[in-house]
Amino acid sequence: MKDVSVHPTSRRHGRKWLLAGVFGAALIAAVGVIVPNIAHADANQTITSNTTGYHNGFFYSYWKDNGNVTMTLGAAGNYSVQWSNMNNMVVGKGWKPGSASHVVNYTGSFSPNGNGYLSLYGWTTNPLIEYYVVENFGSYNPSSGAQRLGSVTTDGSTYDIYRTQRVNQPSIIGTATFYQYWSVRQSHRNSGSISVANHFNAWRNLGLTLGSMDYQMLATEGYQSSGSSNITVSDGVNPTTPGNPTTPANNPTTPANNPTTPANNPTTGGGGSGCSASYTPVTDWQGGFQATVTVKNNGSGTINGWTVRMTLAGGQTITQLWNGVNTGNSGSVSVKNAPYNGTLGGGGSTTFGYTGSGSPGTPTSVSCTSS
């Protein structure tokens, strides 16, 4: 059993960010201001050296420390990679910033000869967190040696949840001490959908908080191995929206940072055609807050869809919303169920949550209608 303290992830990021220093701050700054060109389809592009950018509207990242790694960027969210005689590499396509609102659809092939991961991979800041939703892996289980905290059952399988800590290790902000969060799928697969919010919520329920989203991608990682993968990724909530979305539901800017004051004062809103909604403040901090809305089926029949309408308190703006799709982010806001909420049976309930900027305060109205 390999000790988690020498997990290949730490080696990858140790080399990765040292290389970033060699390339210089100018490259990092340039990447930060790239606006993806989504007016036309970009031609296929072959990459063999470390870089990040946008291709067909999707953020991509390519990194290796040495060896033979060839990544080809294809149509929309497609990429393929072949690697051999290498020590460590990670490549992928996705979003910058990431979002809890994504239902990440992916399909393709993943064939490692030795150690490799296929996972949804990303970072947050404030707090600094490196996270994985591992869909498949090769000869090494990345959770080996880690303490299991719980599990979440979603998207057709149970995922085991772990947390590990990296002490004084390189990260996206330089050398730091930070946690890694893991959801490791028990039933391996190379294609499917990942309901990101279900993992984020499960982690939060175990006390594993996230911060402001940095990048998030469907990644192929290899360590002292060879292999190949060919993956196409898309957003299942808004399948026509590329990897740098501008719609409110998929463009979070200020997720919950450093919450300090818990609260438990639910406010029940009006019922509508078969459903009702209630608002519960979760926590708040200077300049922001987090809240949950519970949607309940008041009848005995099944609800196939629901819409919650809220009038936010003055000065409030929704900055991130999960388990739903919102129209508008201030004043009068409506939230519809996303595909991963599913139907609601008689008496059943579901929740969506959001973070906001502004002073905490209960919406002046909350109502629900069903279809």
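What follows is a walk through the fold, the disulfide and a handful of local backbone features of this predicted model.

Some bookkeeping comes before the results. Residues are numbered from 1 along each chain as its sequence is written, and side-chain values use heavy atoms, with hydrogens and water left out. Since the model is predicted, local features need pLDDT of at least 70 and side-chain atom pairs count only at pLDDT 80 or more, while totals for chains, interfaces and linings use all residues.

On the whole-chain level, the protein chain has three helices and 23 strands; these are DSSP runs, numbered from the N terminus, with helices (H or I) needing at least four residues and strands (E) at least two. Of the 371 residues in the protein chain, 53% are buried, where buried means under 20% relative accessible area, exposed means over 50%, and partly exposed is in between (1.4 Å probe, protein chains only). About 14,500 Å² of the protein chain is exposed, and carbon and sulfur atoms supply 48% of that area. These areas come from the Shrake-Rupley method with a 1.4 Å probe; for residues, only the protein chains shown count as cover. As for contacts (heavy atoms within 4.5 Å), residues 24 or more positions apart account for 68% of those with a separation of 6 or more.

Confidence comes next. The mean pLDDT (the predictor's confidence in each residue, from 0 to 100) of the protein chain is 79, and 78% of its residues reach 70 or more. Over residues 1-39 the pLDDT is below 50, although this stretch has 70 contacts in the model beyond near neighbours in sequence. Residues 239-268 also stay under 50, and the model gives them 87 contacts beyond four places in sequence. Where pLDDT is low, the predicted coordinates should not be read in detail.

The structure holds one disulfide, a disulfide being a pair of cysteine sulfur atoms within 2.5 Å. The partners are Cys-275 and Cys-368, with their sulfur atoms 2.0 Å apart. Cys-275 sits in strand E16 (residues 275-285) and Cys-368 in strand E23 (residues 365-370), so the bond ties together parts that are 93 residues apart in sequence. The link of Cys-275 and Cys-368 is left-handed, with -100° about the S-S bond. Cys-275 is buried at 0% relative accessibility, and Cys-368 is buried too, at 1%.

Strand E23 also takes part in sheet pairing. Two strands pair if DSSP finds at least two bridges between them, and E18 and E23 do so in the antiparallel sense over six bridges. Within that pairing, Thr-311 has Ser-365 of E23 as its bridge partner. E18 also pairs with strand E21 (residues 332-336), again in the antiparallel sense, over five bridges; here the bridge partner of Thr-307 is Lys-336 in E21.

Just past E18 comes Gly-315, in the loop between strand E18 (306-311) and strand E19 (317-322). Gly-315 counts as exposed at 65% relative accessibility. Leaving aside residues up to four places away in sequence, Gly-315 touches Ser-357 and Gly-358. The C-alpha atoms of Gly-315 and Gly-331, 16 residues apart along the chain, are separated by 8.3 Å.

Another loop residue, Asn-56, lies between strand E2 (51-55) and strand E3 (58-64). Asn-56 is buried, with a relative accessible area of 12%. A polar atom of the Asn-56 side chain lies 2.4 Å from the backbone nitrogen of Asp-42, and the backbone oxygen of Gly-74 lies 3.2 Å from a polar atom of that side chain.

Several backbone oddities round off the picture. The peptide bond from Lys-96 to Pro-97 is cis, with omega near 5°, and Pro-97 belongs to the loop between strand E6 (88-95) and strand E7 (103-125). Asn-126 and Pro-127 are likewise joined by a cis peptide bond, with omega about 5°; Pro-127 is in the loop between E7 and strand E8 (129-137). Asn-85 has a positive phi of about 50° although it is not a glycine. Asn-85 lies in the loop between strand E5 (78-84) and E6 and is exposed at 66% relative accessibility. Asn-168, not a glycine either, has a positive phi of about 50°. Asn-168 is found in strand E10 (residues 157-169) and is exposed at 54% relative accessibility.

Terms used: Polar contact = N/O pair within 3.5 Å; in protein donor to acceptor, adjacent residues only side chain to side chain.
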